[in-house]
Amino acid sequence: MLQLRAKHVLPLMVLAVSVGVSAERRVFRGALFSRGAAPVRLGRAVPGVASHAASACASCHAEIADEWRASQHRGAWHDRVFQAAYQREPMAFCRHCHAPLAEGPAPSREEADEGVSCAVCHVRSGAVLGARARADTPHPVLAAGLGASTYCAGCHQFNFPGDTGGAEAPYATDEPMQDTFAEWQMSASGQRGESCQSCHMPWVEGPNGRRHRSHRFVGGADPALVRQAVSVRLVPGRTADAVEAAVSLVPGRLGHAFPTGDLFRRVELRVWADDDEAHAQTVVYARAFAPVLERSPRGAMLFVRRQSRDTRVMPPGLGAPEVETLRFGRDTRTLNFRLQYLLMPTPMAASHGIGTPENQLTVEEGRVALEGAR
């Protein structure tokens with residue numbers, strides 16, 4: 001499977017565009033995100049807005065605030081899968097993304113409860129940031145490219161921080177930990193200019209008839225979106241002594257690798273003969289890492305963890321799906337399959353007290369009858 005690499009190293013998310021003479025053309029200038037290197041620092045409050053809390057935004061933007069409250073952005077800190085990993089490796093690097101306003105070693109109650117809040121994306125240095133500049137609002141809005149995929153890259157494209165403090169070899173710091181933006185760049189969606197927002201922030205119409213981008217930030221926790229990503233192709237055949245099944249996952253509405261994001265995520269396709277699910281064969285679609293002996297910049301030899309395998313489903317535009325051939329007994333009459341999306345491997349989830357319903361989503365399941373079955 002193709003191993004993706006970013007076309008270029010993205011700098012800190014910085015917008016530096018000339019400020020126009022009219023209010024309609026004003027553009028924010030400054031750093032927005034540090035890719036986990038530091039907390040997000042908002043600066044002074046927006047004039048006329050009581051605080052940086054989401055409740056202050058909700059007084060005027062109630063519908064959008066309601067969407068955000070149900071989103072993974074809002075639950076970024078309290079997410080149980082994240083907390084399971086964070087308790088194992090409590091790095092500031094992780095905290096700066098999942099509670100980006102927390103300055104200390106632990107977020108305050110409000111910082112934890114708000115996760116990636118309205119202000120994290122929309123407020124800097126007393127200014128409100130938007131997709132385009134506006135002067136016809138209670139607070140002027142400066143253009144900051146929020147409608148472009150590059151804005152998402154500020155949090156969804158970054159390399160490993162290196163040593164996690166664990167007993168294992170550190171990850172290489174030039175190895176992508178999350179490669180979602182680079183995956184999108186190389187996909188057919190990226191080549192067409194179809195943005196992240198088109199799938200993850202679709203246009204919706206409010207009660208007043210005005211359209212806005214949904215702030216539910218649909219993603220891996222949304223069953224409908226996940227089920228649009230891939231479909232199972234199973235082609236059975238008989239040989240003299242066995243039944244064979246050529247299986248693959250065909251990308252659907254997909255603008256990046258599937259699964260993407262957190263390195264623990266995986267997809268498992270289980271296939272079994274007749275009613276013998278206990279002996280199902282499993283094809284895993286995930287990233288794998290292994291220690292590699294390398295020379296450090298100071299000349300010493302040391303082990304670092306590098307990606308050794310990437311069997312995930314690539315988006316349209318990056319080649320044909322990989323095909324696996326599975327073999328079953330010659331008397332097999334039907335082949336059954338179940339495709340499951342997992343937030344982390346089942347043994348890891350169990351060790352952290354995360355149950356199957358919380359960790360797994362069934363994407364597709366079915367049964368194929370074989371021709372000539374006795």
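## Arg338 and its partner

In this predicted model, Arg338 is buried, its relative accessible area of 19% falling under the 20% limit. Arg338 makes a salt bridge with Glu365, and the closest N and O atoms of the pair are 3.0 Å apart. Arg338 belongs to strand S17 and Glu365 to strand S18, so the bridge links distant parts of the chain, 27 residues apart.

## Other salt bridges

The count of salt bridges in the model comes to 19. A further one that involves S18 joins Arg367 to Asp275, with 3.5 Å between the closest N and O atoms. Because Arg367 lies in strand S18 and Asp275 in the loop between S12 and S13, this pair ties together parts that are 92 residues apart in sequence. Both partners are exposed: Arg367 has 53% relative accessibility, and Asp275 has a relative accessible area of 67%.

Asp136 and Arg134 also meet through their side chains in a salt bridge, at 3.0 Å from N to O. Here Asp136 counts as exposed at 59% relative accessibility, while Arg134 is partly exposed at 27%. Elsewhere, salt bridges link Asp174, Glu175, Glu294 and Arg306 in a network.

## The four-stranded sheet

Strands S17 and S18 are part of an open sheet of 4 strands, ordered S13-S12-S17-S18 and paired in the antiparallel sense. The edges are taken by S13 (281-285) and S18 (360-369); each has a single partner strand, so one side of each is left without a neighbour in the sheet. On average, neighbouring strands here are turned by 15 degrees against each other, direction ignored.

Within this sheet, S12 (residues 266-273) pairs with S13 over 5 antiparallel bridges. Val271 stands opposite Gln281 of S13. The loop between S12 and S13 holds Asp274, a residue other than glycine whose phi is nevertheless positive, near 50 degrees. Asp274 counts as buried at 15% relative accessibility.

## Nonpolar cores

The largest nonpolar core has 27 residues, and Leu249, Phe258 and Leu269 have the most contacts inside it. Two or more residues come from each of helix H11 (223-229), strand S10 (230-238), S11, S12, S13, strand S16 (324-328), strand S17 (334-342) and S18. A second, separate core of 20 residues includes Phe28, Val46, Ala119 and Leu142.

Leaving aside residues up to four places away in sequence, Phe258 touches Val226, Ala229, Val230, Val267, Arg312, Val313 and Tyr341. The peptide bond that leads from Phe258 to Pro259 is cis, with omega near 0 degrees. Pro259 is placed in the loop between strand S11 (243-251) and S12. Most residues other than glycine have a negative phi, and most peptide bonds are trans.

## A hairpin and a mixed sheet

Strands S14 (residues 287-295) and S15 (residues 301-310) pair in the antiparallel sense over 9 bridges. One bridge pairs Val292 with Val304 in S15. The two strands form a hairpin with 5 residues between them, and Gly299 in the turn has a positive phi of about 100 degrees.

Another open sheet has 3 strands in the order S3-S4-S5, with mixed pairing. Strands S3 (123-124) and S5 (141-143) stand at its edges with a single partner strand each, so one side of each has no neighbour in the sheet. Strand S4 (residues 127-130) runs parallel to S5, and 3 bridges join them. Leu129 has Leu142 in S5 as its bridge partner; Leu142 is also among the residues of the second core.

## Two buried loop residues

Ser71 lies in the loop between helix H2 (62-69) and helix H3 (80-88) and counts as buried at 7% relative accessibility. The side chain of Ser71 reaches the backbone nitrogen of Arg74 at 3.2 Å. Beyond residues up to four places away in sequence, Ser71 touches His215, Arg216 and Phe217. The C-alpha atoms of Ser71 and Asp222 are separated by 9.9 Å, although these residues are 151 residues apart along the chain.

Arg35 is found in the loop between strand S2 (30-33) and helix H1 (54-58). Arg35 is not a glycine, yet has a positive phi of about 55 degrees. Arg35 counts as buried, with 14% relative accessibility.

Terms used
Residues numbered from 1 in each chain as written. Predicted model: local features only at pLDDT ≥ 70, side-chain atom pairs only at ≥ 80, totals over all residues. Heavy atoms only, no water. Pairing = 2+ DSSP bridges. Axes fitted to C-alpha atoms, helices over the stretch in contact; angles between N-to-C directions. Buried < 20%, exposed > 50% of the residue type's maximum accessible area, 1.4 Å probe, protein only. Core = buried A, V, L, I, M, F, W, Y, C linked by side-chain atoms within 4.5 Å. Contact = heavy atoms within 4.5 Å. Polar contact = N/O pair within 3.5 Å; in protein donor to acceptor, adjacent residues only side chain to side chain. Salt bridge = Lys/Arg side-chain N within 4 Å of Asp/Glu carboxyl O.
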